[in-house]
Amino acid sequence: MSETSPKLRAELDGIPTYKPGRPAAAGGPVAYKLSSNENPYPPLPGVMETVLASAGAFNRYPDMACTGLMNELADRFGVPVSHLATGTGSVGVAQQLLQATSGPGDEVIYAWRSFEAYPIITQISGAASVKVPLDANEVHDLDAMADAITGRTRMIFVCNPNNPTGTVVRRAELERFLDRVPDDVLVVLDEAYREFIRDTDVPDGVEIYRERPNVAVLRTFSKAYGLAGLRVGFAIAHEPVAAALRKTAVPFGVSQIAQDAAVASLRAEDELLGRVGSLVGERTRVYDGLRDQGWTVPETHANFVWLRLGERTTDFAAVCERAGVTIRPFAGEGVRVTIGEYEANDLFLHTAESFRKEIDEDPRGAGGS
Ligand SMILES: Cc1ncc(COP(=O)(O)O)c(C=O)c1O
């Protein structure tokens, strides 16, 4: 066999690999997965029936144009179908956005830490990542992000609420930032957790997009709508961005099952958003519980909380896992913990309480927040 391997693109060297949330540990007395910001509720019965009916035809390709879903979304958001594009989850659409805008020599700005797919998909595009640190309150530093714009900037992600901190940028500061962005730079408002927001000062990206041709909004069916395993997300953007997204889509990428489930979910929105309301209630319980225990927790607007644990991060994740709750550690920085079912949240709160006591009793425990 030849020693020479096929030539691969140099841009792929050293690419960070996406770390999915660990599954719940098997074998223990209880096992809850709070590591991937998933919806803990099982599929709604009506959505399940739709999926089962759709599954009977998977020998056929799906509708490549996602016609039914596009029409439903156009009605739901009051936008033309030509301003919509779908993809295999919103991460798929984010990758299409990069393919459409950015390549070698270009720059893509985003806050850091933020959604861990951004550096990966940016590097794959060949463009350079410009990571702007979150401010001391774990919030996007929009002034610094605007200062980072150069003639090479092609795209800017604003993750609102931000994964993994749950923090938001509000209307006035976002508008001020957008006023500073040149018209030929695309700003992507990644609103994967939009449905969990209750603060009316946090703008709906769709309203902002209507006024600004260089703004695109990313949404997903994975979180509030509970379709993470079916892989369907979408963007709302002006022409020609939406058209470019349709060009860069993987042909037939969104399965018919996913399309039909998304339509059924939009039609069952009241019931689904009722579940989201319960999760928001649980979020308040977890947030208040952690604060009462003495933790510093940034105010969260998503379905997860962030604890900046520093050096204690991996220890805490291991303790949680032994207790039966899998969370998402970012070594040396902190942990993100999804709001799950009541029992899972309870178990997490109990585990956090014991760990907090250990930190408080250990004078060397400067890493705890
Ligand atoms: C901020 C953000 N954007 C996008 C996504 C991608 O979600 P999906 O590809 O499932 O739509 C996620 C998933 O965790 C996320 O946190």
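Let me start at tyrosine 193, where a polar side-chain atom lies 2.6 Å from an oxygen atom of the ligand, and I should say at once that what we have on the screen is a predicted model. A second oxygen contact of this kind involves arginine 231, since one of the polar atoms in its side chain is placed 2.7 Å from an oxygen atom of the ligand. If you turn to aspartate 190, you find an N or O atom of its side chain 2.7 Å from a nitrogen atom of the ligand. As for how far the ligand is covered, on its own it has 400 Å² of accessible area, and the protein covers 93% of that.

Where, then, does the ligand sit? It sits in the largest pocket, and there are 13 residues around it, of which Ser90, Asp190, Tyr193, Thr220 and Ser222 come nearest. When we sort the residues of this shell by character, we get five nonpolar, five polar and three charged ones. Helix α3, which runs over residues 89-101, supplies the largest share of the shell, namely three residues.

Let me move on from the ligand to the charged pairs within the protein. Side chains of opposite charge can pair when their charged atoms come close. Searching the whole structure for salt bridges gives 20 of them, and the one I would like you to look at is formed by arginine 76 and glutamate 269, whose closest N and O atoms are 2.8 Å apart. Arginine 76 belongs to helix α2 (residues 67-77) and glutamate 269 to helix α10 (residues 269-293), so this pair ties together parts that are 193 residues apart in sequence.

Finally, I would like to point out some details of the backbone, all of which you can find in loops. Which two residues are joined by a cis peptide bond with omega near 20 degrees? They are asparagine 163 and proline 164, and proline 164 lies in the loop between β5 (153-159) and α6 (171-180). Another cis peptide bond, with omega about 5 degrees, joins glutamate 239 to proline 240, and here the proline is found in the loop between β8 (233-236) and α8 (241-248). The last detail concerns cysteine 66, a residue other than glycine that nevertheless has a positive phi, near 50 degrees, and that is placed in the loop between α1 (45-55) and α2.

Definitions and conventions: Residues numbered from 1 in each chain as written. Predicted model: local features only at pLDDT ≥ 70, side-chain atom pairs only at ≥ 80, totals over all residues. Heavy atoms only, no water. Near = heavy atom within 4 Å. Polar contact = N/O pair within 3.5 Å; in protein donor to acceptor, adjacent residues only side chain to side chain. Areas by Shrake-Rupley, 256 points an atom, 1.4 Å probe, with all protein chains shown as cover. 1 Å grid on protein atoms, 1.4 Å probe; cavity = no way out; pocket = protein on both sides within 12 Å on 5 of 7 lines; lining within 4 Å. Sits in = over half its atoms within 2 Å of the grid points. Helix = DSSP H or I, 4+ residues; strand = E, 2+ residues; numbered from the N terminus. Nonpolar A, V, L, I, M, F, W, Y, C, P; charged D, E, K, R; others polar. Salt bridge = Lys/Arg side-chain N within 4 Å of Asp/Glu carboxyl O.
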